[in-house]
Amino acid sequence: LDRLHARLAAMHAEQLGQRDSVTGLPNLKVLGQALQALTAVGCPAAVMVVHLWRAPVPASDADLAALMRSVGAALLSNVRLDDVICRLDGPIFAIVLPGLEQGAEQKPMNRIVAAIDRSRQLQSSDLARWQLAAGLGFWQPLMQPEEPLAAAWAAMLSQRQGRQNEQEAGV
């Protein structure tokens, strides 16, 4: 019985090391494992990176935590069972979409962004002021596991920069 309790405690500790403390979502370690698994299996997939930001006034810790929990819940309720959602850092999330090939991404990407937008609208008016940028990268056989994440990150940054330029120009 003591061995069982020790094993269960070790499993629980391992699980806690793979979960984000604010949202309960898997963390960057799990994202790496999911990307490695795709590489091993050779399954085409997409990786989506979603970043929320607010300028010029930073959010309080409580507002940021509320936003991250809201976005995490919206993501969980709007992805397929085999998708992997991770919180990377702050209000930055990654979603691994196994089996999604280039050309078929618009519907799931729009669904995920719309779900996040709805969750922000349901929050206080302060949280609704957050901006959202999303980028997508695709994994194909023979690619390194980190390549789709890097592509998604670059696409998200490009979209964010475009939105910031529009705001500065008053568009």
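Select Asp20 and Arg87 to begin: they form a salt bridge whose closest N and O atoms are 2.2 Å apart, a salt bridge being a side-chain nitrogen of Lys or Arg within 4 Å of a carboxyl oxygen of Asp or Glu. The pair links distant parts of the chain, since Asp20 sits in the loop between helix 1 (2-16) and helix 2 while Arg87 belongs to strand 2, 67 residues apart. Helices (H or I, at least four residues) and strands (E, at least two) are DSSP runs, numbered from the N terminus. Both Asp20 and Arg87 are buried, where buried means under 20% relative accessible area, exposed over 50%, and partly exposed in between (1.4 Å probe, protein chains only).

The model is predicted, so that local features need pLDDT of at least 70 and side-chain atom pairs count only at pLDDT 80 or more, whereas totals for chains, interfaces and linings use all residues. Residues are numbered from 1 along each chain as its sequence is written, and side-chain values use heavy atoms, with hydrogens and water left out.

Next, select Asn27, which also lies in the loop between helix 1 and helix 2 and is buried, with a relative accessible area of 15%. Leaving aside neighbours within four places in sequence, Asn27 is in contact with Gly17, Gln18, Arg19, Asp20, Cys86 and Arg87, contact meaning heavy atoms within 4.5 Å; both partners of the salt bridge just visited, Asp20 and Arg87, are therefore on that list. Asn27 caps the N-terminal end of helix 2, with a side-chain oxygen 3.0 Å from the backbone nitrogen of Lys29.

Now extend the selection to residues 28-41, which make up helix 2: its 14 residues reach 20 Å from the first C-alpha to the last, close to the 20 Å expected at 1.5 Å a residue, the expected span being 1.5 Å times one less than the number of residues. Within helix 2, colour Val30, Leu31, Ala34, Leu35 and Leu38, which are buried. These residues cover an arc of only 140 degrees around the axis, which puts them on the same side of helix 2; the arc is that of the directions from the helix axis to the C-beta atoms. To see what covers them, show strand 1 (45-53), strand 2 (84-89), strand 3 (92-98), strand 4 (131-139) and helix 5 (147-169), which are among the covering elements. Just after helix 2, stop at Gly42, which takes a positive phi of about 80 degrees.

Move next to Arg80, which forms a salt bridge with Asp83, the closest N and O atoms being 2.7 Å apart. Asp82 also forms a salt bridge with Arg80, and there the closest N and O atoms are 3.9 Å apart. Salt bridges that share partners thus join Arg80, Asp82 and Asp83 into one network. Which of these residues are buried and which partly exposed? Asp83 is buried, with a relative accessible area of 9%, whereas Arg80 is partly exposed at 34% and Asp82 counts as partly exposed at 45%. A search of the whole structure finds three salt bridges.

Finally, show the whole chain, which has five helices and four strands and follows the pattern α-α-β-α-β-β-α-β-α along the sequence. Buried residues make up 43% of the 171 residues, and residues 24 or more positions apart account for 71% of the contacts with a separation of 6 or more.

Note on methods. Polar contact = N/O pair within 3.5 Å; in protein donor to acceptor, adjacent residues only side chain to side chain.
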